[in-house]
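Open the model in a viewer and keep the sequence panel visible. The stops below give a selection each time and then say what is found there.

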Amino acid sequence: MCQWFAPTKLVVTFERDGIGKFTDEDIAKYVVRDDNGEAVGLDLPTKFVLIANHQIYADWWYAWCFTYFLSPKGVHRYVYITLKKSLRWVPIVGWGMQFFNFIFLARSWASDRVQLAADLTRLGRAAEDEHRPFCFLLYPEGTLISQGTRPISKKFADKIGVDDLKHMLLPRSTGLHYSLRSLSPRIPSLKLLDMTVHYPGIPPMGYGQSYYTLRSIFMQGVPPPEIHIHLRMLDVKGAVPIGNLSSLRPSTTGTKKKGVVEVEIPSGEKDEFDAWLRRLWQEKDESMGRFHETGSFTAKASSSPHVDIPVQLHRKTEILDAFCFFWPAALAYSWKRLKVA
């Protein structure tokens with residue numbers, strides 16, 4: 001779709017100083033270079049939770065496109081997201097989302113945490129047992145930054161006694177914290193991959209949806225000319241304060257579902273993770289401001305190599321993959337017509 005109707009490219013850079021920084025050894029390991037030494041692709045770990053700032057509805061689309069180029073192992077085939085439960089039975093589209101194991105939630109945390117833990121446990125265990133990629137995509141801000149959500153973020157900042165951000169909304173930590181605690185015991189090598197995304201043309205303190213909508217991108221031919229993605233990566237077990245998983249205690253409700261025991265997170269561990277996530281978002285907000293001023297997410301632009309990736313298929317024959325599920329039905333129908341004739 002991007003290749004035909006909304007051509008663009010990804011410009012990927014790496015954090016060098018703050019939380020989740022990449023060392024020179026990491027970059028040498030994960031960046032694929034051609035014979036001339038030019039960075040042409042990526043080969044990152046394939047089991048991770050992907051988080052990012054949320055500006056436009058197409059964020060989901062471009063994040064999914066990014067996973068296509070993230071590794072030669074086909075991570076884009078194993079991307080999981082959460083959706084409203086009511087979408088599960090939408091004809092055709094809802095069935096497809098079920099087929100791809102998307103997670104449907106009722107938007108009530110009292111019941112959603114059990115469902116989320118059950119689904120993530122099942123998907124995480126399957127990815128580890130079958131040695132295949134795993135990507136759970138989550139936006140901690142919970143919604144787009146807009147004229148309507150900015151005051152809500154400011155009110156939340158005043159409530160907890162912190163400064164509001166300039167270019168992003170304050171993140172909510174509960175869903176991410178619970179997801180990482182559910183997945184980490186099932187996937188020992190789990191990473192947390194963070195993207196700070198910037199779209200050219202959106203001014204400081206501007207709202208992305210005023211510049212790039214799904215209609216303008218795909219129907220009016222006005223896609224972002226390039227999408228800047230600044231990466232941070234952390235090992236969940238060693239670098240993210242998700243708490244002491246060895247001391248998990250059953251919830252007072254004793255609720256079980258599909259072999260998963262619901263647990264309460266100690267308040268001290270909740271507070272520690274919440275403060276850590278806000279600190280990460282503060283660094284992201286500062287890097288976004290720096291990009292507006294200098295055109296670079298890092299203090300020293302030369303310290304972070306960039307990888308330019310055109311958003312297009314590796315091979316044109318992959319277009320046929322989108323229709324492979326219909327081939328058996330088409331062949332059966334054609335055979336039947338030939339027999340009748």
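**Stop 1: a helix pair**

Select helix H5 (residues 109-129) and helix H7 (residues 174-183): the two pack at an angle of about 35°, and their axes are 9 Å apart. Helices (H or I, at least four residues) and strands (E, at least two) are DSSP runs, numbered from the N terminus. Axes are lines fitted to C-alpha atoms, for helices over the stretch in contact, and angles run from 0 to 180 degrees between N-to-C directions. This is a predicted model, in which local features need pLDDT of at least 70 and side-chain atom pairs count only at pLDDT 80 or more, while totals for chains, interfaces and linings use all residues. Residues are numbered from 1 along each chain as its sequence is written, and side-chain values use heavy atoms, with hydrogens and water left out.

H5 and H7 cross in the right-handed sense (the near helix is turned clockwise from the far one by less than a right angle; anticlockwise would be left-handed). Show side chains for the contact (heavy atoms within 4.5 Å): H5 contributes Trp109, Arg113, Leu116, Ala117, Leu120, Thr121 and Gly124, and H7 contributes Thr174, Gly175, Tyr178, Ser179, Ser182 and Leu183.

**Stop 2: H7 and its surroundings**

Keep H7 selected and colour by accessibility. Of its 10 residues, 8 are buried (under 20% relative accessible area, with exposed over 50% and partly exposed in between; 1.4 Å probe, protein chains only). Among them are His177, Tyr178 and Arg181. What do the buried residues of H7 pack against? Their neighbours are strand S4 (47-52), H5, strand S8 (134-138), strand S9 (191-198), helix H9 (236-239) and helix H10 (267-294).

**Stop 3: the sheet**

Select the 7 strands of the open sheet, which follow the order S5-S8-S4-S9-S10-S1-S13 with mixed pairing. Two strands pair if DSSP finds at least two bridges between them. Strand S5 (79-80) and strand S13 (307-310) are at the edges with a single partner strand each, so one side of each has no neighbour in the sheet.

Now zoom to S8. All 5 of the 5 residues of S8 are buried, so the strand is largely enclosed by the rest of the structure. Phe134, Phe136 and Leu138 lie on one side of S8, and Cys135 and Leu137 on the other. S4 and S8 run parallel and are joined by 5 bridges; Lys47 stands opposite Phe134, and Val49 has Phe136 as its bridge partner. S5 and S8 also pair in the parallel sense, over 2 bridges, with Val79 partnered by Cys135.

**Stop 4: three loop residues**

Select His131, in the loop between H5 and S8. Its phi is near 55°, a positive value in a residue other than glycine, and at 70% relative accessibility His131 is exposed.

Asn101 is in the loop between helix H4 (93-99) and strand S7 (103-105). Phi of Asn101 is near 65°, again positive in a non-glycine residue, and Asn101 is partly exposed at 31% relative accessibility.

Go on to Pro266, in the loop between strand S12 (260-261) and H10. Pro266 is partly exposed, with a relative accessible area of 22%. Measure from Pro266 to Gly243, C-alpha to C-alpha: the two are 8.4 Å apart in space and 23 residues apart in sequence.
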